[in-house]
Every structure is written in structure tokens, then in C-alpha cells.
Amino acid sequence: MERTIELTVNGTDHQVTVEPRTLLIHALRDEMGYTGPNVGCESSVCGACTVHVDGEAVKACTELAVRAEGSEVTTIEALGDEDDMHPLQESFQEEHGLQCGYCTPGMVMTAAVFLEEEPDPDRAEIREALEGNLCRCTGYQNIVNAVESAAAEMAGAVEPATDGGTAVEEGGD
Amino acid sequence: MEFSGTVSIDGTTTEEVWLALSDPVMIKQALPGCQFLVECEDEDPDFDALAASAPEEDPPTLPEASAEDIAERAFEEGGHYAALMEISVGSVSPSFETVVTIEEREFPRMHAAGEGSASSSSFEMSSGMELAESEDGVDVEWWAEADVFGRVAQMGQRVINPVANRVVGRFFDQVEKQLQDVSTDSESSGGLRSRVSSLF
Amino acid sequence: MATDEREGGSDRIETVEADDVDAADILGSAIERQEDPSLLTGEAEYTDDIQLPEMTHMAMLRSQYAHARLADIDTSEAEEMEGVVAVFTAEDLDVSGALPVGWDLDSLRNVDNPIMVEDRIRYQGDVLALVVAEERYQAHDALDAVDVEYERLEAVTDPSDALAEDAPVIHEEEGTNEAFDWDIGDADDTEAALEAADNVVELDVTNQLLIPNAIEPRAVVADYDPSDDLLDVQMTTQNPHVHRLLMAGVIDHPEHRMRVRAPDVGGGFGSKIHHYADEALVSWAAKQVERPVKWQATRTESYLTDAQGRGHETHGEIAVDDDGTIRGLYVDTKANLGAYLSTFSPSIPTYLYGTLLSGQYEIDNIYCEVTGAYTNVVPVDAYRGAGRPEASFIIERLVNRAADAVDMDPAEIRKKNFLDPDDFPYETPVAMEYDSGDYHKTLERAMEAVGYDEFRERQEQAREEGRYLGIGFSCYIEACGIAPSELVGELGAGAGLWESGLVRFTPSGTVRAMSGSSGHGQGHDTTFSQILANELGVDYDDIEVVEGDTDAIPQGMGTYGSRSAAVGGSALVESARKVVEKARKIAAHQLEADPEDVEFEAGEFQVAGAPDRSTSIQDVSLEAYLAHDIPDDMEPGLEATTFYDPSNFVFPFGTHVAVVEVDPDTGEVAFEDYVAVDDVGNQINPKIVEGQIHGGIAQGVGQALFEGAEYDDNGQLVTGSMQDYAVPKSFHVPEMETESTVTPSPENPLGVKGVGEAGTIAAPQAIVNAVVDALEPLGVDHIEMPLTNERVWRAAGGGDD
């Protein structure tokens, strides 16, 4: 029943032997060692497993590995590293857009695809875009802030465009 | 969980519907995912042995079968019946080894209770039906009370209700279709309906 | 120091990089978290990321039924399956295998809590068999091949049903489902106060069962080395030392040959405090197969086993005079404990609940009775807030009802009954001594932020237009850092509630600090480094904080109950001060001065009045380790350990206000505003404080509007996946406006109070009060949580003929 599939992960070609039922997330984590994406719900709800497959955000916990044959998969590991983070990673750090970090790889990967499609979103649009990624720690507000300021950063703006009471202004003291 | 409903089957009689719903072979064919349905001696049959001995091909049902054949194999009050039911629920397709006991069977009313168990889920159910003549044919009033346990139960009513509705819906669609065949056949041959009636 | 009041801070708090902060300002700065780069790049290592050579995978067979007899179990087919290394059932266990409970009550009926079931199944999470296999999927496949014969028994899920005469008894040897009967306060005085008051208002509420929902499900990797009998366990834990101690007893393994570590942990909210059968079984199995064993709970498995929270059925009565003075409070609660006692479960609906019933008010007479009930649901224990949200909910709902009864504004009745700032320390009738507070200030600040007077005008107008706006207040109090150990021992705790902190200079002048706290997302490395940078005058980047390893850290009690800053942080402060004192003596010796004349500031020792006679703490550290020239009576080295035992709880407080619009035709609740004014004492890192408040509120929003663990009559959990249990999504949580006041706690050297649970404690009743206020014209006076669209619609008259 097992078969060998070929796919590219973060620019590296892989050959991996999987069962027809093997989930992409398990192939990535257990077979290929990409442990950045996490498993949180096994049912496409929490989004901790989100990776990019051929440029689309995909929940790897409900995607069969065999369906990714021939695909280009990108995980959080390739978005940026500690010394050279992606603007989203930087803004998540600046805005405290994470606490335990477990949902974060999926959250960031979803946001990355979203900002490609919608480079100048408002806060409601950001919240809609992140509906498939659950965070239990932050209450989402600082995640929305992070995505908002990353969008501004990526657009080359100095101050993020904001609407109504959420502007980045001078600190409270 | 409780379910109930009324299914109307036009152009038929209570006697025909009763006979059809008394036929284990027809019930087996109408139940989606039913691998076999056979009478058994007690409430704890050996399913492996039953599966091995279950006939490969079903004997004919109405209208091909004779009313007498069906009366012969019809459900009996107090009888136990074993069925293997494969039902897809969400992402899993457990095979339930199911035993049903006919607790009451008196025209036009039938009541059965049973249990089914699969490797990680099980159910207990009690169900009944009563037939009534309507203007255009027959109304089948049915009800079922089911308790679901294990993996399937954890999926909640969000998943279980549609599955139950699907099973019940397909079952009565199939019954209705077969009864339409009976009606059509009766009209053309003129014989079956009277033979059915004579059994009551 | 963060004593400067960052008041009016409703704008987004901007972070700064640690490098850009002057050492003197490090404490109280909203610096970026040092934890984040590894978490953001996938470099973090959670338990399931761990791969060990020869590692096996384990899966556990749990029960189809919530209540049953295990008639027979046959594992022979599973044992034959491909990849299966071993299958075990209870009869294979050669250890005591009973989970202990860490809190006793006089009336407690303690019951046996076996790690695998031999005979009687009491909830679905009970373990019937476990499979160890080469691969993850193989272990799960083999579970389906285990043949189990059950005799199903009637189940009971609600505490009041369980306490009824004819209920099925869950622990037969006890003859009853009553787990305990506990009370606090004065029954007679309270009864008299209720009789004497002008009005008594009653309310029955259900505080529903909640599932904690850390996004990382629990997991364990255990590795056993038979050559020296060492058991190395890495697991999702909020308190590795507590797990080591308890597990040592459960699996009969010497505590000193056991190491428990917490890798990166993906949230806990209480669910990773408790000692579950699972980690004991994984560890035991690793000893049996003599290979590393990994177990990762599935989400459904988490839902069936993670200790749930709340589960109260409460009758409350509040006595109020016509002028709005609250005279007394009576509360009778039936608390759901689930099938067994979890690690700290007896304390949650008792000492962490009844003692908080005075809220922010001066109430002379309070009496609270709690009956604990065994049921066939998942054991109930601490979940974020743990007893305090339940207390805050019933008080704040009753106060609103009292305001209605005497036709008073809900803010006014609160102000009328608040304790005043000069009342502190204040002893309540329910055994607490509040440390400090200014309740008027947080309420007034919140009213100002929300524009209260203007809101009431808008509400009036909206009602004329057929729109339903509502406002709800929640003036909450929380008790954190449960202490001191001697007192909690008297109350029944099976452990002390101190914390350890070790501060160690290296010879080169950098610092490694060990804390017995065990963070799992709270940013301890950052905040503790800030604390130590401030105390020691060492660069923030030259400090490394180590948590979550029983081999590295002297001892620890862990992270829960919002205790880490108040207790764990204070332990580090005390150790840092001990280190400085030792260093001062070495510096004085070096500088040929009297230690009393040597001042310490910003990492420099200096002889008073002689600026040229100085040395740095880094140089002193080198001297301490060289030991060539230190005072005669002194040992070499520069480190100190403190077991800090606080003198009292600390009591954060605040006011949360929800403003909602309710559509009675759909039952939909939309937030118009959410304002939180919290006083958590001094703030070490205001951005981290803000994040804790945000996250806490989100969980409170979840309880108020969406969440609930639901069981059918047979005890089957029907919200068994994330598709059925509604964890709030991004668009469910409102934009929150957070402000703070700062009333330092006098109880600890940092003046901190604790912030982890505040939002969760505060939010539910703010929202319920707001929805009820909105629907007041329709005669609605209460709706049970969660306020789903259907419940709100029905309450508003939908579905009425």
C-alpha cells in the first residue's frame, strides 16, 4: 500500500514513502522533520498546521500527503530565520502577537498568503481572513495589530493605515 | 436522540406496505450499507459465522417473490435478527454488528429494539411504526429513539442527525420505490394485490 | 520600576527592543519577548517535535461508555498486528497506579482513581488498554482491534441529578455521589441579615462546564535507561516538579532517578497542572519496553480527559435595603467534580470560590454552602480563573439584580457598596484579607472610557428606534499567589505553595537563573530577565532564565493561579538581593571599605562618597570564583537560592464594561465596545500584561457567548471535537480597550499582583449583564451561559406563540 512520492519542501526535493492515508502534516513532521507546523485539532478548525502548497494556504492536518505529490510546499521554517525574519514574523514579535506560539506558525502562514492577495486590509478583513486559525492565548487583538502593521511595513509605509481608535500612537506614559 | 416522521406512499395499500416492511430481504436491500440481515437464535450471535453463511445473492422480493414466500420469512414477534451495517459518519465508516429484536408485531403496528456495536462506537435503539390509510395510499408513521456511544457520539448531533436522516430517508425512498414496482405489477397482472390481501 | 502609573493607556502599547532601554528603566518596559524568534520561525521544540532513536508511539483505548462495567477485554488480535510492540491492560500493571489528590477537606470522600480500569468505568476518558507500536498510525489502528465487552450502566452528568436519591452511584463503596459538603461564613447571621433587609433578590445560575483548549494537546515522551534506572520524561506540564513527585508514587519509581522536563509548552490554562493517568502510563510503558515512548493526545482525547472547568449549579440570594446598601449574601452551590478527584479539584469550588464572594464590596454577612458531586463527566479541576470566575459571576449578576430591585443605577449601587481605599487591609466575612485596592478609581475610569452618561442617552434613543443596546459592568476581584504554605496546609493543601528561585553568576559575570515557575506562553524568560537586570544591574542580554527542568532547578511548584510574578518573581528578587549582599562584602573587601559604606547601583559597587573607589558586580563575580582574595569567613562562588513563601495572597481587581447591541429577531449579540480597566499592581512588562488581559477576556467571551462542554443523558461528550466545541474565532472577540491603574501590593518585593486570570474572571458577567440590560424592555432578567443566538432569541420572546 505504501508508495513513494516526490515533493519539494522549502526548496529541497524530497522523496518520501507514505501510506495512501498518511496526512501531509505527519509526512512533513514525522518523515521529513519539518516540525514548525503543528497539529492542534485534526479537523481543519484550528489551523496550527497551515503550510503553503503551491502558494496556497493549506491545512496539512486534513490533506493527504499523496495529494501533495509534485507540489512545492513551504512551511514556517522557510519564511525567515531568527536573524532575518519576514516582516510578519517581525511584526508578531513587536506587537506580542503570540504567547505560547503553538498556533503561530499556522497563523503567520495564513496571514502571509492573505497579505499577498489583500495588501491593504482593514481590521475586519484581517479578522475574517484569520477565522480558520484559532489562538487561545492572545485574544487575537495583537495578532490583528501585527498583521496590520506588517501590511504597512510591506507596503513601505511608515505608519500603518488604521481606522478608528487603534492607531499606533505614542505610548501611554 | 429522538427521531420521528411520516412517510406517505401513494397508490398502495396498508397490506402491501405491511408485507413489504415485513420482509427481511427487502429491508436489507433498502437499508443503506446493510451487508446482510438474517434471523438469529439469540441476542449474541457469532457475526463471523453469520457473515460466512449469508447468501451471496438475495432471493427475489416483491413483486417477483410470492406473497407466501414473504409471509414465510417475515419478521416474527419475539424474533432476533442480525445485521451488519456499514455507516459512514464524518470521516469514519464503522461496521456495526447489529442485533434487533421484534418486540411487537401486530398489523398495522411494529416495534423493534436493538443494539449495534463497532470497534469504537455503538448504539442502542428502539423504534416503531404504524401504518394508516390515507387518501392517496398509505402513511407510515415512524419513530426511533437512539443512544449513540463512543467515537460517533463525540461528533455530536451536527454529524449524527444528518446521518440518521440520510439513512431513514434512503430507506423509505427505497421502500417506496419497491412498492411502486409492486403497485405497477399489481395493476398489470391484477393478481398480486389480491394475493397479498388474502394473506390478512 | 513600574510604579509610575501608566494611566490612560488605552492606546496600543508600543514595544521597544531591550537594547534600546536604559538599564534603570528595564523593569516596567514593554520590551519585545526574547521567546518569540524561536517560536516564530518553527525552531521551538514542543513535546511532539521530539524525536529519539528507537522511539515508539503509544495510543490509549478509552471507553465507549461513560459508566459501565468492563466485563471482558481481549487484546490478542491487537498484539498480532503489524508494528505492535506491546499491548497492556490493568492486569499487567505492577505498580500502585492510583492518582493522588492534592487537597483534602474534612468531609471529603476520597476515592480510588486508577490509571487503568480493571472493572468499573466511570467516564469516557478511563483507560482500558494501551498499545505501544513502531509507528503512530499503527498504535491507533491496533486500538480498534482490542475487543471489549461492556455492561453499560446508567450515567449521570449534572451535580443536582447526581445528588438525587435515585441517582446511579458512581463510587459504590461510598454509597453516595456526594464528594464533600463544605461551608464558609456565618449561617445564622446571614439568615438574620436576609430577614432584616428591605429586599431579598434571588437568582439561579448554571456556570457551565468548559474545556480549557490549549491549542497544543497534552503529550509525553518518556525515555528509560535501565542501566542506571533513570527515567527521563518530557511532557506538557505547568509544574514539572509536582509531576515528578506525584508520578514517582504512582509508578513506584524513585523520585531522585526521575527527570521531568517541560519543552516548549503550547498553552495550558490549568489543564497541564494536573497529574493524569496518561503521563504515568507512558512512563511506565517506557520502562516495560525499554525504548522511548511518545504519546500525543488527539484533540478528541484531550476533550475526553483534560480536566474541565466550572460546572456549578448555584442558587444565590442577596439582601439589599431600599437605599442600595447590601446587607447579606447567601450562596448555595452544587459543584460538578466529574468521575474522580483531579489533582487540586477539592480546592477549586471551595477555598478558591467561597472566599471570593465578598467581591469588591463591604458585605457584613455572607454564607456559602457547597456540595461537591461525583458524576460521569471528565474530572473537573482548575481552568483559568478556577473558582474565582464562578464567584465573580454570581456576585456581579446578583448586584445587578439588586440594583433593579431598588431601582438604582448598576454603577451607583456598586459605588455605594465598594470598599474604600483606606479600608485596607480588609478582612472579609469569608476569611480573606484583601491587601490593597482602589475600586472607585477603576470603575470611574471605565465609565469615563465607555462614555457612560452619553451611552444611556444613546440607549434611550435606540430603544425608541427599536434597537436594543445594553451595558454591563463587572467589578471583579481575584486572589492570586495562593499562600502562605502554613495556611494552605491548614486548609487542606497537600503541598506548600512557595516558589524557588536560584540566581547564579558565572565567573565571567553573566547570569543564569533558575525558577521553579514553569511558563507555557506567558513570557517568563522575558519578565524574569527584566526583574534580574533591574536587581543586579546586569545587561538584560547577559541573563538566561531556566525553567521546566527538574535536574536544573532546585525545586518548584509551577505556574498556575496567576502566581508566577508574585511568587516566582519574588523568589528571584530575594535571591538576587542575597547575591548582591554577598557581592557587596567581596567588593568591600576588595575596596578595603566597610560593607555598610559600599553602595550598589546599576551593577556598580562604590564606596559612599568616593566615586573612584568602585568595582562592577561582574568583576566581583570573577573574584568570587577565583577565591584568591575574598573575606576569610566566606565560601567561594556567587549564587543564592530562595524558597519564597508569600505572607498572603495578592488581590488584583478592576472593572470591565461590555457594550452590546442585541438583535432580538436573531438572538445575535454584537459588541459595540469592550473596556477593561485592571489593576494588577506594578507591571514588569506592560505589553505582556496587556496580552494576558486580552487573552483572558477572549476566554471569558467564549464562556459568555459560545462555549460549553455538552454531554447527553448517557454521559457521552457530544462536543467532542473543535467542530462542535466553539472556541472563539478571531471575529468573535471584540476590539478591547485596556487601561490600568497601579496599586502596588504591599505583600511582595515587586509590588505585583498577578494578571493571568483577570480577564477570564471579569468578562462573562460584564457580557451577560450587558445582554440582559439590552433586553430589559422585553422583560428579560437572566439568560444562562453560553448566550447562544438561540437562547437569546428565546429569552427575547422568539418562538413564543
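**Chains A, B and C: a walk through the contacts**

Let me begin with the contact between chains C and A, which takes 54 residues from chain C and 52 residues from chain A. On the side of chain C that touches chain A, helix 1, residues 36–40, and helix 17, residues 686–706, each supply at least two residues. Helix 17 of chain C gives the most to that side, with seven residues. If we sort the residues on the side of chain C that touches chain A by character, they divide into 17 nonpolar, 20 polar and 17 charged.

I should say early on that what you have in front of you is a predicted model, and that the predictor gives the complex an ipTM of 0.96 and a pTM of 0.94. Chain C averages a pLDDT of 96, and 99% of the residues in chain C score at least 70. Residues 1–10 of chain C are a stretch to treat with care, since pLDDT stays under 50 there, although the model does have 28 contacts for those residues beyond four places in sequence.

Which chains make the most contacts with each other? Two pairs of chains touch, and of these the pair A and C has the most contacts. Chain A and chain B, on the other hand, do not touch, and their nearest C-alpha atoms are 10 Å apart.

Now let us turn to the inside of chain A, and to two of its helices. The axes of helix 2, residues 87–94, and helix 3, residues 104–117, of chain A come within 10 Å and cross at roughly 125°. Because the angle falls outside the parallel, antiparallel and perpendicular ranges, helix 2 of chain A is oblique to helix 3 of chain A. The crossing in which helix 2 of chain A passes helix 3 of chain A is right-handed. Helix 2 of chain A brings Leu88(A), Gln89(A) and Phe92(A) to this contact, while helix 3 of chain A brings Thr104(A), Val108(A), Ala111(A) and Ala112(A). Taken together, the residues of this helix contact comprise five nonpolar and two polar, with no charged residue.

Finally, a single residue in chain B: is Asp69(B) buried or exposed? Asp69(B), which lies in helix 4, residues 67–73, of chain B, falls between those two words and is partly exposed, because 16 other C-beta atoms lie within 10 Å, whereas a buried residue would need 20 or more and an exposed one 12 or fewer. Asp69(B) and Pro59(B) are 10 residues apart in sequence, and from C-alpha to C-alpha they are 9.9 Å apart in space.

Methods: Residues numbered from 1 in each chain as written. Chains lettered and ligands numbered in written order. Predicted model: local features only at pLDDT ≥ 70, side-chain atom pairs only at ≥ 80, totals over all residues. Helix = DSSP H or I, 4+ residues; strand = E, 2+ residues; numbered from the N terminus. Axes fitted to C-alpha atoms, helices over the stretch in contact; angles between N-to-C directions. Parallel < 35°, antiparallel > 145°, perpendicular 65-115°, else oblique. Left-handed = near helix turned anticlockwise from the far one by under 90°. Contact = placed C-beta atoms within 7 Å. Nonpolar A, V, L, I, M, F, W, Y, C, P; charged D, E, K, R; others polar. pLDDT = per-residue confidence, 0-100.
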